[in-house]
Amino acid sequence: MTVVTDTSTDGHRVPPEPDLTEQEIVARAARIAATLVDRQQETEQRGYYGLDTHKELLAGGFYRILVPRRYGGYEFGIDTHMRVVSALARGCPSTAWMYTFGASHAHLAASLFGEEAQNELFAAGDFICPGVIAPAGLAEQAEGGWLVDGVFRYSSGSPYATHFIGQTFLAGAEGEPPTQMMFVVPRDQWRRLDDWGAQLGLKGSGSHSIKIEKAYIPDHYALVGTHMGLTSVTNGTPGLALHGNRLYGGSVLAVLNFQVGALAVGMATGALDAYSELMRERMTTYPPIVARAENPDYQLYYGEADGRIAAARAAMSDVLRQWGETAENGSITRDVELRMSLISREVVRLCWSAVSDILFPTAGSSAVRAGERLERIWRDMSTLHTHAGVSIYLSTVATRELANLLFDVHADPGPVD
């Protein structure tokens, strides 16, 4: 990992490409994505994207998009990160999944941790930190910190990670409800388990388990009583005070959930690309025998799918605008961030319906054989639906909590998985 040493007049580090723009990094993502389409099989077999792809992302500044400027990051917007995710997912869903769930937690760390922790966490500039919201393991108090022990499953982004961020329980008195703690730990204090690749889809997403064995977590790396999905930012955040940028004062919960929407848009767009090729290359089965692109039925299939994906993309674009607006004016109440999160869920549903209801069943059996692009995207999107954030939190817990808030029903929203 390259450490940035140049500093500006204010003493802050200068990123490798000081003039890099948000438009250029999105364009870079699209160019990289085009090279990933034909490499999806090898990525699945390996279980994560290749070292050459990692080096390209590293050199291109992708692991610095959400890192604060003072540490040599680019401090670009949440919208830019999500556009990069969609662009990469269009070429290889596994690569995009692994990338975003490693790189995006720079925003979480820069928002919620204090200056002492951030000075150390972002010391190298590049930040790759898988995060798991489901609590696991146990933390025992030690002098000046904690000893954490546990196995944390589905740590997407772990193969090239620099850190890990997760939730654990504190050892407490018997019979008392457990207290949760959010913590971050450097790469040299955990090991990646070889347990990824047997799933239906997203086989190359690097979502391995990691094992932490009595790792020492100093107090400034631990936030006792904090849950990354339940933390309120209404009264400000340490990151907002430190960086003076509303990027680090907006909803943390919504950003965590935006990723599945951005991934779904990219995956569905890739499916539409594959279907477009079939439209041009394949003929109809029954008379009149013409190219599918000339057949009214296939025109209808394509147009309907394209419309749903376009609607999803528009919803994603607008919810990112909403996030920026609410961050800027400080109007981030719990119902606002829940509603933004649920918009991301609807984006997933629209994209999935386009693929599963239209493109996949009308493509023809030869186009959905094992290894075909459309078949792989269908598997990947199917697996996206098993992600706890989609299948449990957004589909039930968040929906109920929003209604409880709106109708002033003081009910426990239930556990967050």
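Contact, as the word is used here, means heavy atoms within 4.5 Å. The structure is a predicted model, in which local features need pLDDT of at least 70 and side-chain atom pairs count only at pLDDT 80 or more, while totals for chains, interfaces and linings use all residues. Residues are numbered from 1 along each chain as its sequence is written, and side-chain values use heavy atoms, with hydrogens and water left out.

## Two helices that meet

Helices (H or I, at least four residues) and strands (E, at least two) are DSSP runs, numbered from the N terminus. In helix 6 (residues 105–112), the residues H105, H107, L108, S111 and L112 meet V252, V255 and L256 in helix 9. The axes of helix 6 and helix 9 (residues 252–281) come within 10 Å and cross at roughly 175°, where axes are lines fitted to C-alpha atoms, for helices over the stretch in contact, and angles run from 0 to 180 degrees between N-to-C directions. That crossing makes helix 6 roughly antiparallel to helix 9, since angles under 35 degrees count as roughly parallel, over 145 as roughly antiparallel, 65 to 115 as roughly perpendicular and the rest as oblique. By class, the contact of helix 6 with helix 9 holds five nonpolar, three polar and no charged residues; here Ala, Val, Leu, Ile, Met, Phe, Trp, Tyr, Cys and Pro count as nonpolar, Asp, Glu, Lys and Arg as charged, and the others, Gly among them, as polar.

## The nonpolar core

Burial is judged by relative accessible area: buried means under 20%, exposed over 50%, and partly exposed in between (1.4 Å probe, protein chains only). A nonpolar core is a set of buried Ala, Val, Leu, Ile, Met, Phe, Trp, Tyr and Cys residues joined through side-chain atoms within 4.5 Å. The largest nonpolar core has 124 residues, and those with the most contacts inside it are Y99, I212 and F258. Helix 9 gives the most to this core, with 18 residues. In soluble globular proteins, nonpolar side chains tend to be buried together. Leaving aside its neighbours within four places in sequence, I212 is in contact with V148, D149, G150, F152, F164, F183, V185, Q189 and W190.

## A mostly covered helix

Helix 4 (residues 78–91) is mostly covered, with 11 of its 14 residues buried; among them are I78, H81, M82, V84, V85 and L88. The buried residues of helix 4 pack against helix 1 (22–36), helix 2 (40–46), helix 5 (93–103), helix 6, helix 9 and helix 10 (296–329). At 1.5 Å a residue, the 14 residues of helix 4 should span 20 Å, and its end C-alpha atoms are 21 Å apart, which agrees; the expected span of a helix is 1.5 Å times one less than its number of residues.

## Backbone details

The peptide bond from P287 to P288 is cis, with omega near -5°, and P288 has its place in the loop between helix 9 and helix 10. Y154 has a positive phi of about 60° although it is not a glycine, and Y154 lies in the loop between strand 3 (145–152) and strand 4 (163–170), where Y154 is partly exposed, with a relative accessible area of 47%. D408, also a residue other than glycine, has a positive phi near 55°; D408 lies in the segment after helix 13 (388–406) and is exposed, with a relative accessible area of 53%.

## Residues and their surroundings

The table pairs residues with a partner elsewhere in the chain.

| Residue and partner | Separation along the chain | C-alpha separation |
|---|---|---|
| S341 and P68 | 273 residues | 24 Å |
| E140 and K214 | 74 residues | 9.0 Å |
| M181 and F76 | 105 residues | 29 Å |
| E375 and A274 | 101 residues | 10.0 Å |

S341 is found in helix 11 (residues 334–362) and is buried, with a relative accessible area of 0%; not counting residues up to four places away in sequence, S341 touches L253, A254, N257 and L394. E140, by contrast, has its place in strand 2 (residues 138–142) and is partly exposed, with a relative accessible area of 35%. Leaving aside its neighbours within four places in sequence, E140 is in contact with G145, W146, L147, A171 and K214. M181 is placed in strand 5 (residues 180–186) and is buried, with a relative accessible area of 0%. E375 is found in helix 12 (residues 373–384) and, at 10% relative accessibility, counts as buried.
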